[in-house]
Amino acid sequence: PTGMPDDQREGLQEELIDIILHVLKRNPQLHYYQGYHDIVVTFLLVVGDRLATALVEKLSTHHLRDFMDPTMDNTKHILNYLMPIIDQVNPKVHDFMQSAEVGTIFALSWLITWFGHVLSDFRHVVRLYDFFLACHPLMPIYFAAVIVLYREQEVLECECDMASVHHLLSQIPQDLPYETLISRAGDLFVQFPPSELAREAAQQQAERTAASTFKDFELASVQQRPDTVLRQRFRERLRGEERTKSILTKPRTNRFVKLAVMGLTVALGAAALAVVKSALEWAPKFELQIFP
């Protein structure tokens, strides 16, 4: 909060860090994301450190769980629900945004901080938190859609290009009629539940970027990974070992064949070790994951 004395602010920061580390230590499957602290500090300011710790841990394993994965795949999937909701209510706004190719990234900070990062009035923040706590985990994306729909006139009067529309939508108004929008979001959730929008949401990622339509691009991206050669050598080594085992278990196997196979296995192992060593010398900071 603005106007807080420095010593009080420093104490609050220490408590904030303690809560976050406590939750992450007790739940190693969770990963910190930029914006998580906005949610934690809201609970800290309202209920204090002890109760905030318990509430945040529960919330992190439920409502916020998708945001705390190692990647943002689930977060991006949740954002994919935004456009289908808008399309159901106002196809005109939906088509305009599609033509502008604005995407949904403007709503990312809204979603992952429960609007705590973008609203200046703390009363509005805690009101929304009450609403989201009492509802389905996807309710924040319904509320984001309601905000866009509420600004229909502004959107349609904007220049139809990505930069202009993104700039307009990312600047969220501070004087929104929150109670009206909360009621509207609840109505939309009942009218268009997530189960009915899931198919459209799944298609959003495939249709949003040109790169996703080019299989050659995806293949090239995989082949350019620095550890691709090492993985290929390791698979060849495994196949060689399996062939060796098959030969050694056959009856009446020639002794010289066995020795030759064993020598080949040793040679392959030495070659793989040499490749690994050279790769580590080439990129010592790269975290190679050779073994599945």
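**Figure 1. Valine 23 in helix 1.** Let us start with valine 23, which is found in helix 1 of this predicted model. Valine 23 has a relative accessible area of 0%, so the residue is buried. Glutamate 57 makes a good partner to show in this view: valine 23 and glutamate 57 are separated by 34 residues in sequence, yet their C-alpha atoms are 5.6 Å apart in space. Helix 1 itself covers residues 6–26, and we will meet this helix again in the next view, where it supplies at least two residues of a pocket lining.

**Figure 2. The largest pocket and the residues around it.** This view turns to the largest pocket, whose volume is about 450 Å³. Its lining is made up of 17 residues. Those that lie nearest the pocket centre are Pro1, Asp38, Val41, Leu45 and Phe122, and they are handy labels for finding your way around. Sorted by class, the lining holds nine nonpolar residues, six polar ones and two charged ones. Which helices each supply at least two residues of the lining? They are helix 1, helix 2 (36–47) and helix 8. Helix 2 gives the most, with five residues. Where does the pocket lie with respect to domain 1 (6–67) and domain 2 (72–192)? Both domains contribute residues to the lining, so the largest pocket lies between them.

**Figure 3. Helix 6 and its buried side.** Helix 6 runs over residues 91–100. Its buried residues are Val93, His94, Phe96, Met97 and Ala100. These residues span an arc of only 165° around the axis, and therefore sit on the same side of helix 6. As a reminder, an α-helix has 3.6 residues a turn, so residues three or four places apart point the same way. On the face of helix 6 turned away from the buried side, look for Lys92 and Ser99, which are exposed.

**Figure 4. Histidine 94, a closer look within helix 6.** Histidine 94 is one of the residues of helix 6. Is histidine 94 buried or exposed? With a relative accessibility of 10%, histidine 94 counts as buried, because the cut-off for that class is under 20%. Leucine 82 is shown alongside: histidine 94 and leucine 82 are twelve residues apart in sequence, and their C-alpha atoms are 9.8 Å apart in space.

**Figure 5. Two loop residues with positive phi.** Here are two backbone positions worth a friendly second glance. Most residues other than glycine have a negative phi. Glutamate 101 has a phi near 55°, a positive value in a residue other than glycine. Glutamate 101 is in the loop that connects helix 6 with helix 7 (108–112). Phenylalanine 115 also has a positive phi, near 70°, and is placed in the loop between helix 7 and helix 8 (122–133). What about their accessibility? Glutamate 101 is exposed, with a relative accessible area of 64%, whereas phenylalanine 115 counts as buried at 0% relative accessibility.

**Figure 6. Helix 9 and two of its buried residues.** Helix 9 comprises residues 139–150 and includes proline 140. Proline 140 has a relative accessible area of 2% and is buried. Leucine 79 is 61 residues from proline 140 along the chain, and the C-alpha atoms of the two are separated by 9.9 Å. Alanine 145 is placed in helix 9 too, and counts as buried at 0% relative accessibility. For alanine 145 the partner in view is proline 84, 61 residues away along the chain, with 9.3 Å between the C-alpha atoms.

**Figure 7. Spans listed as transmembrane regions.** An unreviewed UniProt entry lists residues 102–119, 131–150 and 256–276 under "transmembrane region". Two of these spans are shown here. Over residues 102–119 the model has 28% helix and 0% strand, and the C-alpha atoms at the two ends lie 22 Å apart. Residues 131–150 are 75% helix and 0% strand, with the end C-alpha atoms 19 Å apart.

Terms used:
Residues are numbered from 1 along each chain as its sequence is written. This is a predicted model: local features need pLDDT of at least 70, side-chain atom pairs count only at pLDDT 80 or more; totals for chains, interfaces and linings use all residues. Side-chain values use heavy atoms; hydrogens and water are left out. Helices (H or I, at least four residues) and strands (E, at least two) are DSSP runs, numbered from the N terminus. Buried means under 20% relative accessible area, exposed over 50%, partly exposed in between (1.4 Å probe, protein chains only). On a 1 Å grid over the protein atoms alone, a cavity is a set of points where a 1.4 Å probe fits but cannot get out, and a pocket is an open set with protein on both sides within 12 Å along at least five of seven lines; lining residues have an atom within 4 Å of a point. Grid points are joined across faces, edges and corners, and a volume is the space filled by probe spheres set on the points. Ala, Val, Leu, Ile, Met, Phe, Trp, Tyr, Cys and Pro count as nonpolar, Asp, Glu, Lys and Arg as charged, and the others, Gly among them, as polar. Domain bounds come from an automatic or database domain assignment. UniProt positions are given in the numbering used here, feature names are shortened, and annotations may be inferred rather than shown by experiment. The arc is that of the directions from the helix axis to the C-beta atoms.
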